[in-house]
There are 2 protein chains.
Amino acid sequence: MKTRQVLLAARPTGWPRPDDFAVAEAELPEPADGRILVRNVFMSVDPYMRGRMNAGKSYVPPFQVGEPLTGGAIGEVLESKAPGFAPGDLVLHDFGWREHAVLDAAAARKVPRIPGVSPSAYLGVLGMPGLTAYVGLLDIAGMKEGDVVFVSAAAGAVGSLAGQLARLKGASRVIGSVGSDEKVAHVTGELGFDAAFNYRRGPVRDLLKEAAPDGIDVYFDNVGADHLEAAIAALRPYGRVAMCGAIAVYNATEPPPGPRNLVQAIGKRLTLRGFIVSDHYDRFPAFLDEVGPLVRDGKIVHRETVAEGLDQAPEAFLAMLRGENIGKMIVRL
Amino acid sequence: MKTRQVLLAARPTGWPRPDDFAVAEAELPEPADGRILVRNVFMSVDPYMRGRMNAGKSYVPPFQVGEPLTGGAIGEVLESKAPGFAPGDLVLHDFGWREHAVLDAAAARKVPRIPGVSPSAYLGVLGMPGLTAYVGLLDIAGMKEGDVVFVSAAAGAVGSLAGQLARLKGASRVIGSVGSDEKVAHVTGELGFDAAFNYRRGPVRDLLKEAAPDGIDVYFDNVGADHLEAAIAALRPYGRVAMCGAIAVYNATEPPPGPRNLVQAIGKRLTLRGFIVSDHYDRFPAFLDEVGPLVRDGKIVHRETVAEGLDQAPEAFLAMLRGENIGKMIVRL
């Protein structure tokens, strides 16, 4: 049996280009004992994948040139040689960027079909990005009732849940930064943020000051750079930063300047803490128990931007890096 | 009764100059009920005082031009109108930069005379700088047995105790950064650090890499700037930074660039935490119980650089900012 997959054709320098990717056919082996054959239904494109396209070591090993990319995918079991898995089962796994995969059942997580919720939710609000928002806000930033919470990339997969969770957990004010006026409307409308600004309309520091005149207590950082500097300026004593991502930095060929005001962390007793969601998979059950019903009942809104077909996956990845998606960027296979 | 005190004559811009200070006579009131008259024996000059000379708000209110400076001092009670205080008592208080003070007894801490230990120790290893090292290393950085610990300004009042405590608490390696070859010898000799370097001899990043080829787990930051950037590069996963001071930054008129590699905090899951010792005075008894005997028994070495007389206080302060002291800089009154 044959399938199609996306290879890393070349390591990008700065912004990736379409010809850094190539779609190729591949032969699928018969599933051996303990393995399953899966038809992928949706695959994910996420910011962290950009880091893996570089040669240098990151917190996950780099992709190899000429090899297929990997990443979150949700699929249907077609054939199973593993106990506990049957054809038709829905499984979440890490062999995205391909139409079919043969994998160890141990590397797949069986997930329930939730009536009224697309399986693609397991790549976003109920998956890795959702868990990232949950852990970052509650465990890393230690958000408490009454906090003023600022979230960057607030219309993205992680940011949109972080902001909504903050609101549901009793934040006194939730502020989002986004990259377009359309997203400002989405975030303050559908998602219920108290305020949002389009960071392209001025210095982030000024825009944040206007949106949070009394300062902030928690910053959920998906962007880094000027956003982080602005947040440090706005943070009140004992403020906390969950350092989750730095999309402003990923495609930089020169390291951008660090926050010039980091010294304020001393006087304001700030805590800045970086984290990687894969350290926190033990929180997945608690997360799913809490957020699953909120999604099912419509108390948490999750938008998706869906690209169609494997051939569109590289472009979907690039569009996501450029911030063209609202909500989770997904590829339907 | 008259006394002499040091006033802030002008707000310094950048590095303070001698004529930003003035010594003046002042009339002392009779101590009212609840107050004591103290003859100061030693006064302290500390880096944080530089911030208070600026007009802008810091974590402590600014000094006022034309008014006497304040700061840690240890003195002998001459006259008491307060229960529990008697002439001859040794008291630690915050009315330094003057030869005598009349103050509320509630603002003075009575401390014991320790045989063989100069009362000036209460301004250094057994006082605010000592508590800073203790809280920063143990509570803020959460130093654990086996950690590799890096301390900047390691020959200073805070750094020299932080490094020695790390060693006594089972650090696998303690590395110090200092500003002269003489201090390298002091820190690796008398203080028992495993390694030290003179940061003036090359890029801190290279010097630290040489001293800690396998990386570090804890960075006790008294310097900021290039030291912090070098430490972020050297920190291993789950590393922690206690942000205590930024002496490299205090006299800067332009904010220096922040650490360009702060984004590494995400992949390495670093925690950077700023703190102010005055939030942690509840730890003073535990600190004194633990560190007092170590000092008395000579297990912790504390050197002092002593200037003589109130007129020398401004110059002692400046020399300390230039890093000319070894151990705690003290003024004998």
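**The sheet**

I started with the sheet in this predicted model. I counted 12 strands in an open sheet, and the pairing is mixed. I wrote the order down as 10(A)-9(A)-8(A)-11(A)-12(A)-13(A)-13(B)-12(B)-11(B)-8(B)-9(B)-10(B). Which strands stand at the edges? I found strand 10 (195-198) of chain A and strand 10 (195-198) of chain B there. Each has a single partner strand, so one side of each is left without a neighbour in the sheet. I noted an average twist of 15° from one strand to the next.

**Where the chains join in the sheet**

Next I looked at the spot where the order passes from 13(A) to 13(B). Strand 13 (residues 271-274) of chain A pairs with strand 13 (residues 271-274) of chain B, and the sense is antiparallel. I get three bridges for that pair. For a residue-level handle, I picked A:Arg273, which sits opposite B:Thr271 in strand 13 of chain B.

**Helix 5 on the sheet**

I then checked what packs on the strands. In chain A, helix 5 (residues 204-211) touches strand 8 (148-151), strand 9 (173-178), strand 10 and strand 11 (216-221) of that chain. Its direction makes about 160° with that of strand 10 of chain A. In chain B, I see helix 5 (residues 204-211) lying across strand 8 (148-152), strand 9 (173-178), strand 10 and strand 11 (216-221) of chain B. There, too, I noted about 160° to strand 10 of chain B.

**B:Leu272**

I stayed with strand 13 of chain B and looked up B:Leu272, which lies in it. Is this leucine, B:Leu272, buried or exposed? B:Leu272 is buried, at a relative accessible area of 0%. Leaving out residues up to four places away in sequence, I listed what B:Leu272 touches. From chain A these are A:Leu262, A:Leu270, A:Thr271 and A:Leu272. From chain B they are B:Leu228, B:Ile232, B:Val241, B:Met243, B:Leu262 and B:Ala265. I also took a C-alpha distance from B:Leu272 to B:Ala153, 119 residues apart along the chain, and got 18 Å.

**How the two copies relate**

Which rotation puts chain B on chain A? I get 180°, with 0.0 Å of shift along the axis and an RMSD of 0.0 Å. That is the relation of a two-fold axis. In chain B, B:Gly258 has the C-alpha nearest the axis, 2.0 Å from it. I also compared the contact residues: 100% of those of chain B recur in chain A, so the same surface serves both copies.

**Cysteines**

I searched the whole structure for disulfides and found zero over all chains. I looked up Cys244 in both copies. A:Cys244 counts as buried at 14% relative accessibility, and B:Cys244 counts as buried at 14% as well.

**Domains of chain A**

The domain assignment for chain A gives me domain 1 (2-124 + 302-332) and domain 2 (128-278). Their centres, taken over C-alpha atoms, are 28 Å apart. I noted 21 residues from domain 1 and 16 residues from domain 2 in the contact between them.

**Helix 10 of chain A**

Last entry: how many of the nine residues of helix 10 (residues 313-321) of chain A are buried? I count eight, and the helix is mostly covered. Among them are A:Pro314, A:Phe317, A:Leu318, A:Met320 and A:Leu321. Just after this helix, A:Gly323 takes a positive phi of about 80°.

How values were computed: Residues numbered from 1 in each chain as written. Chains lettered and ligands numbered in written order. Predicted model: local features only at pLDDT ≥ 70, side-chain atom pairs only at ≥ 80, totals over all residues. Heavy atoms only, no water. Least-squares fit on C-alpha atoms with pLDDT ≥ 70 in both. Contact = heavy atoms within 4.5 Å. Disulfide = S-S within 2.5 Å. Buried < 20%, exposed > 50% of the residue type's maximum accessible area, 1.4 Å probe, protein only. Pairing = 2+ DSSP bridges. Helix = DSSP H or I, 4+ residues; strand = E, 2+ residues; numbered from the N terminus. Axes fitted to C-alpha atoms, helices over the stretch in contact; angles between N-to-C directions. Domains from an automatic or database assignment.
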